[in-house]
Amino acid sequence: MALKSPASLLVSAGDNPDRLKSEASFAALCGVSPLPASSGRTDRHRLNRGGDRAANCALYTVTMVRMRYDERTRAYVQRRTTQGLTKPEIMRCLKRYIARELLPVIREALAQPAPHQQDQDQPTPIAA
């Protein structure tokens, strides 16, 4: 992953740490929670248009890179295509899976104090 994508996700999560109660709330924060978009006989979902657009853009970038280079993701895309899903529907599912994968990493990163905060916690020695 490029550094811009994880940084955008960390900024979004850091700005809203109270919204990280569950995987579903993080997905809503990133704008990748599914909303029913069914009509008639079709049973479909679409992405929630709410949430942080920068985080959604970061997940989109990660999704595109994975669809191009990751063998597991390419196999998943092939399997879902044969099941009749369209590319946007597959990308919606992948964004949600990626958000689910990244949430524990983001929580761990937010739990660790920043290096400059660790220095501030230590009393400054007075030079004689």
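This is a dialogue on reading one aromatic pair and the helix that carries one of its rings.

Colleague: What kind of model is this, and how are residues numbered?

Modeller: It is a predicted model, with residues numbered from 1 along each chain as its sequence is written. Local features need pLDDT of at least 70, side-chain atom pairs count only at pLDDT 80 or more, totals for chains, interfaces and linings use all residues, and side-chain values use heavy atoms, with hydrogens and water left out.

Colleague: Which secondary structure elements does the protein have?

Modeller: Helices (H or I, at least four residues) and strands (E, at least two) are DSSP runs, numbered from the N terminus. Here there are six helices and two strands, in the order α-α-β-β-α-α-α-α.

Colleague: How is an aromatic pair described, and how many does the whole structure hold?

Modeller: A pair of aromatic rings is described by the distance of the centres and the angle of the planes. Rings of Phe, Tyr and Trp (its six-membered ring) pair if their centres lie within 6.5 Å; planes under 30 degrees apart count as stacked, over 60 as edge-to-face and the rest as tilted. A search of the whole structure gives one pair. Y76 and Y97 are edge-to-face, with 5.8 Å centre to centre and 85° between the planes. The two residues are 21 apart in the chain: Y76 belongs to helix 4 (residues 71-82) and Y97 to helix 5 (residues 87-111).

Colleague: Are Y76 and Y97 buried or exposed?

Modeller: Buried means under 20% relative accessible area, exposed over 50%, partly exposed in between (1.4 Å probe, protein chains only). Y76 counts as buried because its relative accessibility is 11%. Y97, at 39%, is partly exposed. Across the 128 residues of the protein, 29% are buried.

Colleague: What span should helix 4 have?

Modeller: The expected span is 1.5 Å times one less than the number of residues. For the twelve residues of helix 4 that gives 16 Å, and the end C-alpha atoms are 17 Å apart, which agrees.

Colleague: Where do the buried residues of helix 4 lie?

Modeller: The arc to look at is that of the directions from the helix axis to the C-beta atoms. The buried residues of helix 4 are T73, Y76 and V77. Down the axis of helix 4 they fall within an arc of 100°, so they line one face of the helix. E71, Q78 and T82 are exposed on the other side.

Colleague: What do those buried residues pack against?

Modeller: They pack against helix 3 (53-69) and helix 5, where contact means heavy atoms within 4.5 Å. Just after helix 4, G84 has a positive phi of about 100°.
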